[in-house]
Amino acid sequence: MLDAEKIYIEPMKDLIIFTDLDGSLLDAESYTASPADTLFELLDSHGIPVIFNSSKTLQEMIKIRRLMGNNQPFVVENGSAVYVPLDHEIAATAGLESVHGYRRYVLGQERQQFQSFLRSMQAEFRFRPLTEMSEAEFIGVTGLTRADVPMAQTREFSEPLLWHDSEDALNTLATKTVAAGFHLVLGGRFVHLMGSTDKSLAQRWLLNRMRLIHGKDFKVMALGDSENDAQMLADADYPVLIRSDKHGFPEIKTKASIYRTTHTGPIGWHEAVRRIFL
Ligand SMILES: [Mg+2]
């Protein structure tokens, strides 16, 4: 009884937060983080890292981290690679490469490896690769600003596709993708063609590094809104589904109790972290 109370009073020690960005920490339309960002200082003061785990590119991540004052490692392009700041405690981990001023662990595959597969699929299915869009087209689809377009189009490991074909056709493409040794991931806005990885594998890798270096069994809170967050949430101790006004909640296969937010985007993020953490 006493122990249970004690655990209840200090539940959130040794916690790591992994979060999706678009539609979760960031509003799906305006890309702002308010009011979720008002919790960063509090989390920081408790030593709780907030790790960004998103379909975004390295350049987009660098910008967002700077805006939010986040100095943690981060996961790009749906689990394709983990970037670790040089001064971070896990930066000396064996097997990391030095690139773009960071230490990097790659889980996915370089884009060049699936270019010919992408070409052959373009002849069979109706979709538009994001990197082939003109600036105007890209802005029309994403609502990003002009300055953000090159950052989003400079991709290392994945190709987001704007799907114009049927759901059946999408299932057929998914099968062909796996047969070719790649992977298709459903995001909030795009279908992502990429190597055989996902956000949960990157989360697991980072978590294991943190556990090893601290000798602690960190607990994980993971927040996301879409299908590409499902496994990341399934692996978490505190899975949080952020409500979307574009689609229903994805299915999460977990024994942990799932917190489904009342509010969408960063308001839902704020709601869940406050509720669970405080
Ligand atoms: Mg999302």
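Helices (H or I, at least four residues) and strands (E, at least two) are DSSP runs, numbered from the N terminus, and two strands pair if DSSP finds at least two bridges between them. The model shown is predicted, with pLDDT of at least 70 required for local features and 80 or more for side-chain atom pairs, whereas totals for chains, interfaces and linings use all residues. Residue numbers start from 1 along each chain as its sequence is written.

**View 1. The open sheet S7-S8-S10-S9 and its edge strands.** Four strands make up this open sheet, and their pairing is antiparallel. Strand S7 (127-129) and strand S9 (183-186) form the edges, each pairing on one side only. Neighbouring strands are turned by 30 degrees against each other on average, direction ignored; such angles are taken between axes fitted as lines to C-alpha atoms, for helices over the stretch in contact, and run from 0 to 180 degrees between N-to-C directions. At the S7 edge, three bridges connect S7 with strand S8 (residues 158-163). Arg128 has Leu162 of S8 as its bridge partner.

**View 2. The hairpin of S9 and S10, with helix H7 across the sheet strands.** S9 is joined to S10 by a hairpin of four linking residues. Four bridges hold the two strands in antiparallel pairing, and Leu184 is matched in S10 by Leu193. On S9, His183 and Val185 belong to the covered face, while Leu184 and Leu186 belong to the uncovered one. Helix H7 (residues 167-179) lies across S8, S9 and strand S10 (191-194), and runs at about 140 degrees to S9.

**View 3. The buried and exposed sides of helix H3.** Leu58, Glu60, Met61 and Ile64 are buried in H3 (residues 58-68); a residue is buried if 20 or more other C-beta atoms, placed from the backbone, lie within 10 Å of its own, exposed if 12 or fewer, and partly exposed in between. These four residues lie on the same side of H3 because they cover an arc of only 155 degrees around the axis, the arc being that of the directions from the helix axis to the C-beta atoms. Arg66 and Leu67, on the other side of H3, are exposed. The cover over the buried residues includes strand S2 (50-53), strand S3 (74-76), strand S4 (81-85) and helix H6 (149-153). Gly69 follows H3 and has a positive phi, near 65 degrees.

**View 4. The contact between domain 1 and domain 2.** The domain assignment, automatic or from a database, divides the chain into domain 1 (2-108 + 198-277) and domain 2 (111-194). Their centres, taken over C-alpha atoms, are 24 Å apart. The contact involves 21 residues from domain 1 and 14 residues from domain 2, where contact between two residues requires their C-beta atoms, placed from the backbone, to lie within 7 Å. H3 contributes four residues, the largest share of the side of domain 1 that touches domain 2.

**View 5. Backbone geometry at Pro35, Glu77 and Asn78.** Most residues other than glycine have a negative phi, and most peptide bonds are trans. Ser34 and Pro35 are joined by a cis peptide bond with omega of about 5 degrees. Pro35 is located in the loop between strand S1 (15-19) and helix H2 (40-45). Glu77, although not a glycine, has a positive phi of about 45 degrees, and its place is in the loop between S3 and S4. Asn78 also lies in the loop between S3 and S4 and has a positive phi of about 55 degrees. Glu77 counts as buried because it has 29 C-beta neighbours inside 10 Å. Asn78, with 29 C-beta neighbours inside 10 Å, therefore counts as buried.
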